[in-house]
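User: I'm new to this one and would like to learn how to read it. Could you walk me through it step by step?

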There are 2 protein chains.
Amino acid sequence: MPRSQPRKRATIREVAQATGLSPAAVSYALRGLQVSEETIERVRQAAAELGYEADPIARALASGRTGMIGLLCGSLEDLWQQSLAFGIGRALRDKDRYALILDAAGDPARERTLARQLRDQRVDGLIVQPVDPAAPLWAQLAETLPVVAIGDALIDARTAGEVVFDNRRGVTLALEYLRDKGHRRIAVLTPTRSSTPDRPADVHVIAEANRLGLDIDVMTAPHGLAATTEVARAMLSGASRPGAAFCFSDSIAYGVYAAAAELGLRVPDDISVMGYDDHPMSGLLTPGLTTVNWDIDGIVRAAVRLVVAAADGQHRRRRIIQAPELRERGSVSRR
Amino acid sequence: MPRSQPRKRATIREVAQATGLSPAAVSYALRGLQVSEETIERVRQAAAELGYEADPIARALASGRTGMIGLLCGSLEDLWQQSLAFGIGRALRDKDRYALILDAAGDPARERTLARQLRDQRVDGLIVQPVDPAAPLWAQLAETLPVVAIGDALIDARTAGEVVFDNRRGVTLALEYLRDKGHRRIAVLTPTRSSTPDRPADVHVIAEANRLGLDIDVMTAPHGLAATTEVARAMLSGASRPGAAFCFSDSIAYGVYAAAAELGLRVPDDISVMGYDDHPMSGLLTPGLTTVNWDIDGIVRAAVRLVVAAADGQHRRRRIIQAPELRERGSVSRR
DNA sequence: ACGTTTCAGTGAACCGCTTCACAAGGGTTT
DNA sequence: AAACCCTTGTGAAGCGGTTCACTGAAACGT
């Protein structure tokens with residue numbers, strides 16, 4: 001049947017008419033509630049014939065739920081976070097839910113705006129990897145909406161769950177490894193964050209460095225390969241080049257590789273590099289990037305499980321701690 | 001002011017009450033329509049005081065528009081497509097619009113379902129990188145919704161615009177390059193697609209190979225580094241290893257690198273590799289991946305410009321052809 | 001035989017905004 | 001002064017579902 005005009009969609013009222021039922025009955029029937037098996041079948045039939053499918057927007061307005069889960073990423077410029085977002089999107093889809101993915105781009109103000117927007121969009125739950133975990137907004141949101149935080153778990157609120165990176169452990173792993181390899185002077189490259197300069201991970205770095213008697217020099221790198229490369233270039237061509245660079249994400253480490261290549265320096269002979277994340281590409285570089293591995297699949301599963309459970313009304317409120325592992329490849333030399 | 005209860009949001013009626021206007025007037029005022037400057041100001045004031053913000057869902061239901069753009073990706077497992085999706089998301093945000101990103105995961109059936117869902121979500125426009133460009137669905141959708149296609153531009157419909165990859169040219173570039181390097185026996189690795197086996201790019205490969213007198217062997221690789229590596233491993237350890245592998249995406253080429261490393265083969269000495277896309281990581285590998293570069297920023301800008309223009313009612317209906325460039329690095333050896 | 005419970009289904013209000021048709025008032029034209 | 005327009009604003013009807021309070025009939029217990 002050719003359909004010259006984009007015929008208007010069938011509404012619930014038309015299905016009601018076709019079946020001789022009330023719209024209410026149809027509404028119930030389609031959700032398998034309240035009505036007899038027989039009616040359900042009859043309604044299904046009619047709906048199929050009319051090509052009826054409930055309008056998600058109208059449904060959202062009336063019921064206050066959308067079936068969507070908001071995903072607010074810290075910065076999608078980071079490749080690992082891209083993978084994470086993609087993984088969560090896929091895991092949600094497997095649970096018949098959809099992710100509304102937004103990117104705070106490292107900006108706390110934007111993060112707040114987007115979080116509100118997500119709430120206004122009536123997402124049934126929110127997974128957030130907060131740029132600013134200390135924002136009071138999270139507590140506010142968590143009162144009305146299941147919020148699952150991924151990260152340093154500093155959200156001081158009744159979240160529906162938290163997937164916590166044991167960054168203290170991750171940092172210890174990395175720094176002890178570097179120390180054991182004989183490194184003392186270490187550049188630490190952390191992602192730029194407009195606010196929250198005293199992010200726990202950074203704090204751990206400083207504390208651990210003190211404990212281990214390391215001489216660290218913290219510098220921040222904006223997101224994006226080009227920007228990171230620039231920072232790395234400055235670090236590498238400075239008067240006194242450190243022996244090792246500890247990068248707070250594999251993406252940043254990639255920038256160090258790029259800068260080193262430009263300057264004709266070799267990894268790890270001229271500069272040792274450590275990453276943090278373990279992105280799939282890290283194993284492909286030459287030399288392979290030695291890094292701190294977080295079980296990304298585990299994180300994805302945990303976050304999705306928590307948020308979906310909470311959205312379905314089962315209160316779990318669990319805190320799942322992610323333990324890191326050192327993934328030794330070849331980017332750190334003995335000194 | 002402490003807010004123990006998550007006080008209900010203000011509605012337009014309350015703003016109307018506060019200003020002594022009708023809800024209609026408030027609605028107009030907030031959008032700067034129909035009413036006097038003075039009233040607009042007064043309404044703005046009151047809205048700010050009440051913390052009023054229009055409910056996007058109600059607005060969508062009443063007006064039929066959401067401000068969102070749907071983005072339907074072919075397969076987000078591909079790193080280049082991840083970058084593309086991320087880029088489009090960011091570009092849209094810069095235009096005060098939001099992307100609803102969905103992933104067809106290479107499955108035409110899923111693609112159709114998701115496309116319909118996007119339409120039902122009342123997206124104002126749709127950017128799609130179709131898995132199955134021949135599906136009649138596109139024509140249907142395009143009648144009621146601005147659709148911008150990215151890819152081989154085979155969508156036979158009144159799209160709002162198309163960003164076309166000149167794959168013929170890209171393939172020619174790659175294969176001529178390989179021929180000039182003295183390669184004759186070439187493995188071609190293309191992404192698995194459940195349907196549309198005669199994708200134009202593949203067709204071009206065959207045609208060009210014939211023209212150039214190359215001996216090609218086409219094999220398909222599922223998405224994902226692990227799966228790709230497996231296919232590459234089979235290719236590399238087969239009885240008669242080809243001299244070069246032409247991979248239809250950089251992601252696939254990464255799999256070849258991985259497999260080669262596993263098998264102790266060197267790129268390019270034991271196997272030459274060519275990619276297609278030019279993902280940022282390709283320059284960081286050792287050796288750098290020689291590939292066909294598509295201007296990803298240009299694609300992002302073009303797609304976003306077209307879809308936003310169409311969503312705003314300006315009919316452009318342009319077809320923008322993307323010309324590829326050969327990016328020579330070190331993964332192909334002279335034979 | 002009668003009151004009570006359960007089941008299947010109904011009607012209407014509502015979710016919060018937009019938009020259409022129309023009206024009141026003031027300014028211009030003829 | 002009548003006729004016309006423009007501007008600013010109103011009232012009410014949607015948009016397409018959900019949900020609450022309720023009804024009529026059948027089933028049940030005694």
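User: Which element gives the most to the surface near DNA strand C?

Analyst: One thing to keep in mind first: this is a predicted model. The element you want is α4(B), which supplies five residues of the surface near DNA strand C. Both chains take part, though: α2 (23–30) and α4 (56–63) of chain A, along with α2 (23–30) and α4 of chain B, each give at least two residues.

User: Which residues come nearest to DNA strand C?

Analyst: There are 24 residues around the strand, and the nearest are Ala25(A), Ile12(B), Ala24(B), Ser27(B) and Ala62(B). Sorted by kind, that surface has 15 nonpolar, seven polar and two charged residues.

User: How many residues of chain B are in contact with chain A?

Analyst: When people talk about the size of an interface, they often give the accessible area lost when the parts come together. Here we can count residues instead: 32 of chain B are in contact with 32 of chain A. On the chain B side, α4 (56–63), α5 (79–94), β2 (98–103), α7 (137–144) and α11 (250–263) each bring at least two residues. That side is made up of 20 nonpolar, five polar and seven charged residues.

User: What rotation superposes chain B on chain A?

Analyst: A turn of 180°, with 0.0 Å of shift along the axis, and the RMSD is 0.1 Å. That is how a two-fold axis relates two copies. The copies also meet through the same surface, because 100% of the interface residues of chain B are interface residues in chain A too.

User: Now the sheet. What is the order of the strands in chain A?

Analyst: Read across the open sheet of six strands and you get β2-β1-β3-β4-β5-β11, with parallel pairing. At the edges sit β2 (98–103) and β11 (318–322) of chain A, each pairing on one side only. From one strand to the next, the twist averages 15°. For a closer look, take β1 (residues 68–73) and β3 (residues 125–128) of chain A, which run parallel and are joined by four bridges. In that pairing, Leu71(A) has Ile127(A) in β3(A) as its bridge partner.

User: Last one: where does Arg329(A) lie?

Analyst: Look at the segment after β12 (325–327) of chain A. Arg329(A) counts as partly exposed because it has 18 C-beta neighbours inside 10 Å. Leaving out residues up to four places away in sequence, Arg329(A) touches Gly283(A), Pro287(A), Gly288(A), Leu289(A) and Thr290(A). Val35(A), by contrast, is 294 residues away in sequence and 62 Å away in space, C-alpha to C-alpha.

Conventions. Residues numbered from 1 in each chain as written. Chains lettered and ligands numbered in written order. Predicted model: local features only at pLDDT ≥ 70, side-chain atom pairs only at ≥ 80, totals over all residues. Contact = placed C-beta atoms within 7 Å. Nonpolar A, V, L, I, M, F, W, Y, C, P; charged D, E, K, R; others polar. Near = placed C-beta within 6 Å. Pairing = 2+ DSSP bridges. Axes fitted to C-alpha atoms, helices over the stretch in contact; angles between N-to-C directions. Least-squares fit on C-alpha atoms with pLDDT ≥ 70 in both. Buried ≥ 20, exposed ≤ 12 C-beta atoms within 10 Å, placed from the backbone.
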